[in-house]
Amino acid sequence: MPFNQAFALSSVLLAATAFTGLVLAQSVPLWLALPTAIILTVSLLHAGGNHFVRQAMARVTVSPTLWNVLLIGALAILLIDLTVVSRDLLPAGIHFLVMLLAIKLLTLQQRRDYRHLYGISLMAILASAALTTDAWYVPIFLLYLLAAVWTLLLYHLTQETGETPAAVTPSSTATGQTTFPSRITHHFFWLTNGIAVLTVVLTLAIFFLIPRIGAGMLQKTSGEALRTTGFSDRVDLGTIGSVKQDPQIVMRVELPDQSAIEKDRLYLRGLAYNQYNGQSWSHSGTRRRSLNLVADGTFLARPGGSRPLGGRSGTIRQDILLETLDTAVLFAVPFAELVNGEFLTVQTDAMGGLHLPFPPSSRIRYSVTSHVPQVVENERTASVLAYPDSIRAHYLQVPLGSQLVAELAHRVIQQTTTPFGQTLAIQQHLLENYRYSLEADTATLSHPLEEFLFTRKTGYCEHYATAMVVMLRTVGIPARLVTGFLATEWNEYGGYFTVRQRDAHAWVEVYFPQSGWVTMDPTPTVNAAVATSRWESLSRLGESVRLQWDRLFVRYSAKDQLAVVHGVREGSDAVRERVSRWVSSLSAPISQVFSRLAHLARTFQPGMLGLVTGVIVVGLALFLLMLRDRIGLWATTHLPTAHPELAIVQLYTRMLRTVEKHGVSKPPAATASEFARLVEQKWKAAGPMVADVTALYHQGRFGRNPLTPGELSRAAEQVGRLQSLPHAAR
Amino acid sequence: MKHPLLNLRASRPFSFVQGMSRRRSIRLTSEGTRFLLFTFGIGLAAINTGNNLFYLLLAMMLSLIVISGLLSEYCLRRLEFHRHVPDLIMANEPTTLTLSVTNRNRHLSSFSLRLLDVVEGQDVDRGLSIHLLPPQSSVLLSYPLLATKRGWIRFQGIRAYTLFPFGLFLKKGLYSTEAHLLVSPPIKPLTLRFVDELVSEGQGQSLPQRGHGTQLYNLRLYQPGDDSRAIHWMTTARTSQLIVRETEAEDQRRITVVLSILAPEECAPLFERSVTFVASLLWQLTERAYPVRLLIGTEDSGLGAGSAHLLAMLRLLALCERQSPEPNGVSHHGAHPPLTHEAERGYTVAVVPWSNQAAPTNMEQADRVLHATQLEELTHAF
């Protein structure tokens, strides 16, 4: 492809990439995107050398006045857009930018026009960076970078070749080419792509090294918050069902201290409710308290002075990346002890729910350390449990008209004698006798619970949980409803749980005096087919890539930089320590042997040590002296040299010296071939070796192509064999 | 004496830095300025918003700048220049100089090289450019040079610059390739009548003698012992007697040209024209195979003939410098060369662009003295 054509094509591709970024950021309306896309396509075809398009465009001549009129029109549209339509600078500016891009693509004639195009495309890619944080920006950015490198390079080279007059084209030697090739060559293609790759590497390095400073004077919130249900002050029975089909991602949860195998599901607690009026749940205590800040960004969720309740409990640490939601609730595995994040303050309510003062305006990342209590042994078998008055006051409330439910509950627990056993019996009853279905819309019913328990016998998590709570309360066991998410989707590529809207769930917390609130879930597990299809697997991989993009690029902060520095320092300390341990382990036996020898020498005779050392040194020197030829041969063929042809010259010289030692000297006037024939006559045994080395010498010294390493080794081998031959027979 | 630690300018690190700064320089082009402004703007936006994607774009712009610097440096690195200049050229005569450029890089070609000649500390654009110089290859460049003044032209080096790869920066590198080129005075045509007159005067004043030469002196009968190669066969055939040819001793036609270098400032143009006149005269005499000798100040070319001797004399003329007379009119020592014994110098022509009437010099002893007035007449067309 000719340079000029490549230059035009790369310039248009640069603009096309930037425009694609804007389109993917959904900032360009259809009425503008479509004509611009058409103009881009035509420009690409024109730059690519499509004859039809070129001929068509050659026929069309437009006066410069028209372009100026179009420009003024675009300015007018900008003003209208700014004041009436969008009423926002960013979208109006983007629309104007796209119009400018389209006009400029149609007027690419002078080099100044190309410069304007580059400026517009740079603004466009900048605008798309402002509008999105999605992972699709990665390929767009990389394409833009590649196009930018090609474009800048070709812009410069076409300028150079255009400016230099032919008269001063210098004469060239046989080996040199001073004029630029008129077409893109193979070498140039790979050189430019190599420069682009180098630019990518350097970009990444600079990106991670630039200190992060955010003045934030004109920061704007990005994106709309995701609508959630089930986390407000009042939850109607059946409202969670509305989101059970929504696949939108709500959060991602990593478990740094545990492998996924250990956990196939994870309960992420949101809010708890204790008051049920027969149709909806609410919580009686709305008072919240702020958590104490115990360290930099770390809040203690447990009240000061309190201790974890008894019972076997495990600690789970979770790193949560929460999308922008319309709720200020912080989700975590029950029950949170420590919360760490970039928060000014974190609050908790009376039932252990975590809240931020306001719903976050952007995605947030935080860590939680939770203790998961389990029922202690003696409470499992205790026939009677004494509940505190406060618990009884808040968590035994049942709605009016729950006689049927109470009767059912008493029927279910007939065979059991302990509260724990009763709890399990009720749970089991619900698990076995009711069918899970999302079609049970009970939001409009007056007695949705009774409808679920006695009529339909189908429902989803809210129904099951409500039923269990009410049934437990009717038999005197305190319980409450909890809403949150149940994470079951493990992303093996990223090592985290992906939590979606459809994972919204409701379960039960049952109170035991010593064990505390224990999580129980009466909803039967819906064994959704584990996504094993390739498409789902690819989808998870893409999701993991998006998360890494978000973590490494979008969320990269000064804190991460410090963490990298600490990590590098710790890493280098660890490496240094490991190396010194390795060296010590190696040198220990050697120094042991030497000290033993020295001790032996000293005990045998005091001056022996010096003698032994001397003998060893002299012996080593003699040994090296004996092997100097071999070492020299090895060095000639294996050590790198500035001029490879020197190696064969050195070998040939070595051969001459060896032959001379055996009494056959090369006459000054004899050529190498003549000498080889002479050796053949005077020292038959050495003849073939000398002939071979001579041939290689000729090839390496005077031939066009240098000797291969194999040939050099062969020459060295022949010289070595020559050295080991006995003296020449005279 | 200054303490070595305080004498920074004499320190090696300072010299190294100074050398490097002279050898390499970098300047922004107009495109580079715009690029930097854009980079600055994006940087400002990134700092303002804290948006990491802005930082990514900023990193891209910065990496392009760094790559540009690295590649341009690599283009200029390991270039070797060898200049080939003639020993002597003439002023106002175009000459071709050659410059060999070699790229010692192993892998990367050098692109978009423009070369400037550094002469007397000034960069002179000869229009030399190399679009592409592959690795381990060389190219020979030729360019015309027209010197307008006699004397030395000191080539200090070659300054190579490139805009590769993106045209954002102009990277210059200085390569020291010292060379000296001597420019002799131009050769101007002299009126044939004057030269003929001069020659005939010279001949008239010299007594022809038998000797080695090319001009015919005498024809006589062959005598035993004569060189048989001297037999003049045409006359021998005509007379039927062996006739030998005797030649006239050429050293009898010797001419000595003396140039006075004494002249005040206001006579400098005439002095230069006198130098040109002497060069042209010597050229004419050499063309006519006259043994010539040149005396300038204390410099003596010796008597000689042929082109080599002419070049030697032209070198003397190229390097002669005008001397201003003392305020008291006494000439400098050596301003007027001593005129030796008449037999040795032959016919002497003195060129005196300026003389002090009050202090006559030994130039008056010459056979022909050309004073300012005559010189003006003879050189008005120069």
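Helices and strands here are DSSP runs, numbered from the N terminus. The model is predicted.

**Exercise 1.** Place B:Ser240 in chain B, then decide whether it is buried or exposed.

*Solution.* Start with the location. B:Ser240 sits in the loop between helix 5 (233-239) and strand 11 (243-247) of chain B. Next, the backbone. Its phi is positive, about 60 degrees, although B:Ser240 is not a glycine. Last, accessibility. Exposed means over 50% relative accessible area. B:Ser240 has 64%, so it is exposed.

**Exercise 2.** Repeat the analysis for B:Ala289.

*Solution.* B:Ala289 belongs to the loop between helix 6 (268-287) and strand 13 (292-296) of chain B. Its phi is near 65 degrees, a positive value in a non-glycine residue. The relative accessible area is 40%, so B:Ala289 is partly exposed.

**Exercise 3.** Check the span of helix 21 of chain A against its residue count.

*Solution.* The helix covers residues 687-702, which makes 16 residues. The expected span is 1.5 Å times one less than that number. This gives 22 Å. The end C-alpha atoms are 22 Å apart, so the two agree. Buried residues of this helix include A:Met689, A:Val693, A:Leu696 and A:Tyr697.

**Exercise 4.** Describe the surroundings of A:Phe420.

*Solution.* A:Phe420 lies in helix 12 (residues 419-433) of chain A. Buried means under 20% relative accessible area. A:Phe420 has 10%, so it counts as buried. Setting aside residues up to four places away in sequence, A:Phe420 touches A:Val375, A:Glu379, A:Arg380, A:Phe512 and A:Met520. A:Val510 is 90 residues from A:Phe420 in sequence, yet 9.4 Å away in space, C-alpha to C-alpha.

How values were computed
Residues are numbered from 1 along each chain as its sequence is written. Chains are lettered from A and ligands numbered from 1 in the order in which they are written. This is a predicted model: local features need pLDDT of at least 70, side-chain atom pairs count only at pLDDT 80 or more; totals for chains, interfaces and linings use all residues. Side-chain values use heavy atoms; hydrogens and water are left out. Helices (H or I, at least four residues) and strands (E, at least two) are DSSP runs, numbered from the N terminus. Buried means under 20% relative accessible area, exposed over 50%, partly exposed in between (1.4 Å probe, protein chains only). Contact means heavy atoms within 4.5 Å.
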